[in-house]
Amino acid sequence: MRKAFKGTFIAAGGYDREDGNKAVAENRADLVAYGRHFLANPDLPKRFEINAPLNKYNRETFYVSDPVVGYTDYPFLEEIS
């Protein structure tokens, strides 16, 4: 895809910290999206910065409207310590 598209390229889908850094370093992407990981880790940039463990996301709560769970109740690092 990189050869076919000359604009800013965002890669997504199953990347972890290491894979995302490698994709950017190898010029396979300009940016990497971390949808599910960001949902479960509201402090994802900080976790990546210090290489902290990630909260596991729960797919069963992704599109649940009643009760509203999963989008706002994952713990921050400070809450885990």
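Trainee: How far apart do the end C-alpha atoms of residues 2-54 lie, and what share of the span is helix and strand?

Mentor: In this predicted model, the end C-alpha atoms of residues 2-54 lie 29 Å apart. The span is 42% helix and 11% strand. According to the UniProt record, an unreviewed entry, residues 2-54 are covered by the annotation "domain: NADH:flavin oxidoreductase/NADH oxidase N-terminal".

Trainee: Which pattern does the protein chain follow along the sequence?

Mentor: The pattern is β-α-β-α-α-α. It is built from 4 helices and 2 strands.

Trainee: What makes the protein chain more spread out than a compact globule?

Mentor: The radius of gyration of the protein chain is 15 Å, whereas the globule rule gives 12 Å for 81 residues. The value is well over that figure, so the chain is described as more spread out than a compact globule. The C-alpha trace spans about 45 × 30 × 15 Å along its principal axes. Buried residues account for 28% of the 81 residues.

Trainee: Why is the pair of Tyr-34 and Phe-48 called edge-to-face?

Mentor: A pair of aromatic rings is described by the distance of the centres and the angle of the planes. The structure holds 2 aromatic pairs. For Tyr-34 and Phe-48, the ring centres are 4.9 Å apart and the planes stand at 80°. Ring centres must lie within 6.5 Å to form a pair, and planes over 60 degrees apart count as edge-to-face. Both conditions are met, so the pair is edge-to-face.

Trainee: Where do Tyr-34 and Phe-48 lie in the chain?

Mentor: Tyr-34 is in the loop between strand S2 (31-33) and helix H2 (35-40), while Phe-48 belongs to helix H3. The two residues are 14 residues apart, and their pair links distant parts of the chain. Both Tyr-34 and Phe-48 are buried.

Trainee: Why is the pair of Tyr-57 and Phe-62 called tilted?

Mentor: The ring centres of Tyr-57 and Phe-62 are 5.8 Å apart, and their planes meet at 35°. Stacked requires an angle under 30 degrees and edge-to-face one over 60, with the rest counted as tilted. An angle of 35° satisfies neither requirement, so the pair is tilted.

Trainee: How do you know whether Tyr-57 and Phe-62 are buried or partly exposed?

Mentor: Buried means under 20% relative accessible area, and exposed means over 50%. Phe-62 has 10% relative accessibility and therefore counts as buried. Tyr-57 has 28%, and therefore counts as partly exposed.

Trainee: What makes Thr-61 a buried residue, and which residues does Thr-61 touch?

Mentor: Thr-61 has 12% relative accessibility, so it counts as buried. Thr-61 is found in the loop between H3 and H4. Not counting residues up to four places away in sequence, Thr-61 touches Val-69, Gly-70, Tyr-71 and Tyr-74. The side chain of Thr-61 also reaches the backbone oxygen of Asn-58 at 2.9 Å.

Trainee: Why does Val-69 count as partly exposed?

Mentor: The relative accessibility of Val-69 is 27%. The limits are 20% for buried and 50% for exposed. A value of 27% falls in between, so Val-69 counts as partly exposed.

Trainee: How do you know that Asp-43 is buried, and what does its side chain reach?

Mentor: Asp-43 has a relative accessible area of 9%, which is under 20%, so Asp-43 is buried. Asp-43 lies in the loop between H2 and H3. Its side chain reaches the backbone nitrogen of Leu-77 at 2.8 Å. The side chains of Asp-43 and Arg-47 are joined by a polar contact of 2.6 Å, and the limit for such a contact is 3.5 Å.

Trainee: What caps the N-terminal end of H1, and which residue with positive phi follows H1?

Mentor: Asp-16 caps the N-terminal end of H1, with a side-chain oxygen 3.2 Å from the backbone nitrogen of Glu-18. H1 is followed by Asn-27, whose phi is positive, near 60°.

Trainee: Why is Asn-27 called partly exposed, whereas Asn-51 counts as exposed?

Mentor: Asn-27 has a relative accessible area of 47%, so it is partly exposed. Asn-51 has 55% relative accessibility, which is over 50%, so Asn-51 counts as exposed. Asn-51 has a positive phi of about 55°, although it is not a glycine.

Conventions
Residues are numbered from 1 along each chain as its sequence is written. This is a predicted model: local features need pLDDT of at least 70, side-chain atom pairs count only at pLDDT 80 or more; totals for chains, interfaces and linings use all residues. Side-chain values use heavy atoms; hydrogens and water are left out. Buried means under 20% relative accessible area, exposed over 50%, partly exposed in between (1.4 Å probe, protein chains only). Rings of Phe, Tyr and Trp (its six-membered ring) pair if their centres lie within 6.5 Å; planes under 30 degrees apart count as stacked, over 60 as edge-to-face and the rest as tilted. A polar contact is a pair of N or O atoms within 3.5 Å; within protein, one must be able to donate a hydrogen and the other to accept it, and residues adjacent in sequence count only if both atoms are side-chain atoms. Contact means heavy atoms within 4.5 Å. The radius of gyration is taken over C-alpha atoms; the globule rule is 2.2 Å times the number of residues to the power 0.38. UniProt positions are given in the numbering used here, feature names are shortened, and annotations may be inferred rather than shown by experiment.
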